[in-house]
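Me: I have a model open on my screen and would love a close look at one part of its surface. Could you walk me through that part and then show me the rest of the chain around it?

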Amino acid sequence: MDEQNRNLILATALSFLVILVWFVLFPPPEPTEPVPGADSASIEEQLAPAAAPTVDGEAATAAPSSASSDAVEAPRIGIETGRLDGSISLAGGRIDTLRLKDYRETIDEGSPTVSLLSPVGSANAYYALYGWAPGGGLTANDVPGPRSLWTQASGETLTPDTPVRLTWTGASGLQFTRTIAVDADYMFTVTQEVTNPTGTAVSLAPYGILARHGQPADLKNFFILHEGAIRMGDGELAEIDYGDMEDYEPDARGARSETIAIEENGWIGFTDHYWMATLIPQPGTPFRASAKYIDTRNIYQTEAVLPTQTLEPGATTAVTTQLFAGAKEWESIQAYQDAGVEGFEDSIDWGWFFFLTKPIFQVLHWLFLLIGNMGWAIIGLTLLIKAILFPLAYKSYVSMAKMKELQPEMEKIKERSGDDRQKLQQEMMALYKKEKVNPAAGCLPILLQIPIFFSLYKVIFVTLDLRHAPWFGWIEDLSAPDPLSILNLFGLLPYDTPDPGSLFFIFSLGVLPILLGISMWLQQKLNPAPTDPTQAMIFAWLPWVFMFMLGTFASGLIVYWIANNVITFAQQYMIMRSQGYTPDLFGNIRASFKKKPKAE
């Protein structure tokens, strides 16, 4: 094999090795186990004074009011929409039970729907609560707290057409009303109103809290994906891992916290792999955004505290905020951003190559809507990418064909130069200049494909569109590895195969990874094997090494890479023939099976 092709294949191999060795050496760790006893702790233990926000630096203690109740046993108001079901607890008026009706835990028939929010007392409790932090002259008994028992004033069930209204009266006579509405997708609107019938002015600040007891049970903890707190503040996105929250410096009240002031537009909450919950004040409203970790109770918390309201005797004030709690669907996220939620599309983790990831996803999404099948949409996307890169590929393969024509002259130069490397380089450069050949032209398409590969992997791994998306036959989830295994002859033998978490899972190859290895091997056979025995052995093993290493990747990514290999094979073969060089494909295949003579 000539030096140009050898460098080309070596560049490809090194590029893949950098990507794949990382995945092998740094696999996702096991999910963090919840702190023992956290799920069964009492309300008083879980919602301690440290969890409450503050007003102008004063602690807003969350001591139980005279009317308190367990959130699980308190009366509940149902939530029922076309896409959600759940309930609101009258203890604290919390939105603490929410299921996503369009999504199931697994692809198995009868699998339960995805549960996003869950009440205190359940595993991994996760809920939203609202209230008013008391200012000077008020105590915790004067304002509704996390355990205050509200009264259902109107609305039997929360639906898109019927909001619910809750009321509560404090010890000093302040009258509080909370109206909760929900749209047809995933956005709740919470209006908090307070009336001051007393004879003195009062100060208090409305707030919203998202509280999460322990880390999610299904935490991926993978470097390519952000899971944890997420915040948008005046156009600046911040992604805060759970571990980073645990490393915050303790504040005056013992909670590890970070607080920033947002002047105009922003939101804060928690994001999972496919789901998210965020607190969203009205556009143009300044607020204080906090991310907290209460290590004594293993509670992660995000807060949005709005400006303090001073209420004169007889006056009424109201504040409206929104709560997004649902799936990170592109259409819904984009619609909410168009409706005024600034930067909401960035809640999807597009990664470093966002300038590639976003358009790749948008094209893939458009193709999916057009074709109706995500597997064929991925193949269609591959065709489009190869068409865009074709001018570069054409130039690269033409350069490679010319390099092959120059091979006899290059061998003569090597013989004349002997061990004189400087003379060899000078004569080679002179030959390239004379024949107008760029030896580096073949590497450009490869370099361009590396960020495209990363971006497409990011799209397949992160975006919701591929979750549980079928292709055909046995491929029922393109976001998961090929479910078949060569170890039991693809289901023909009654043997179980290694679990995905097992070290031996890498040997449990499905049909798609095997096709990937074959496609890479055929693409390699367009060129003769290197004359150097060591190089020939390395290149002979590369397709099969990649087959095993890529075999555990998402099926959607393997589909892309097989399609890419097939199209690249066809392009290279036709372009090289158009330049007068016909690759001896079958001769190269036969040569790879011939027994090599032993060195003397």
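Which residues make the nonpolar surface patch of about 690 Å²?

Reply: Happy to take you there, and please keep in mind that this is a predicted model. The patch is built from Val 363, Trp 366, Leu 370, Ile 371, Trp 376, Leu 384 and Phe 472. Two elements give two or more residues to it, namely α5 (354-371) and α6 (374-405). Helix α5 provides the largest share, with four residues.

Phe 472 deserves a look of its own. This patch member sits in the loop between α9 and α10. Its relative accessibility is 38%, so Phe 472 counts as partly exposed.

While you are in that loop, find His 468, which also lies between α9 (444-462) and α10 (511-524). Its phi is positive, about 60°, although His 468 is not a glycine. Most residues other than glycine have a negative phi. His 468 counts as partly exposed because its relative accessibility is 23%, and the buried class ends at under 20%.

Another residue with a positive phi is Asp 234, at about 50°, and it is not a glycine either. You will find Asp 234 in the loop between β14 (228-233) and β15. With a relative accessible area of 37%, Asp 234 is partly exposed.

That loop leads you to the sheet. Nine strands form an open, antiparallel sheet in the order β8-β10-β11-β12-β22-β18-β17-β14-β15. The edges are β8 (151-154) and β15 (236-241); each has a single partner strand, so one side of each has no neighbour in the sheet. From one strand to the next, the twist averages 20°. Within the sheet, β12 (residues 187-195) and β22 (residues 316-327) are antiparallel partners joined over nine bridges. One pair to click on is Val 194 with its bridge partner in β22, Thr 317.

Now zoom out to the whole chain. Its secondary structure amounts to 13 helices and 22 strands. The chain has 600 residues, and 52% of them count as buried. Taking contacts between residues at least 6 apart in sequence, 68% join residues at least 24 apart. The accessible surface of the chain is about 27100 Å², and carbon and sulfur atoms account for 59% of that surface. The patch you asked about, at about 690 Å², is the place to return to with Trp 366 and Trp 376 among its members.

Definitions and conventions. Residues numbered from 1 in each chain as written. Predicted model: local features only at pLDDT ≥ 70, side-chain atom pairs only at ≥ 80, totals over all residues. Heavy atoms only, no water. Pairing = 2+ DSSP bridges. Axes fitted to C-alpha atoms, helices over the stretch in contact; angles between N-to-C directions. Buried < 20%, exposed > 50% of the residue type's maximum accessible area, 1.4 Å probe, protein only. Contact = heavy atoms within 4.5 Å. Areas by Shrake-Rupley, 256 points an atom, 1.4 Å probe, with all protein chains shown as cover. Patch = residues over 30% accessible without salt bridge, like charges linked within 9 Å, V, L, I, M, F, W, Y side chains within 5 Å. Salt bridge = Lys/Arg side-chain N within 4 Å of Asp/Glu carboxyl O.
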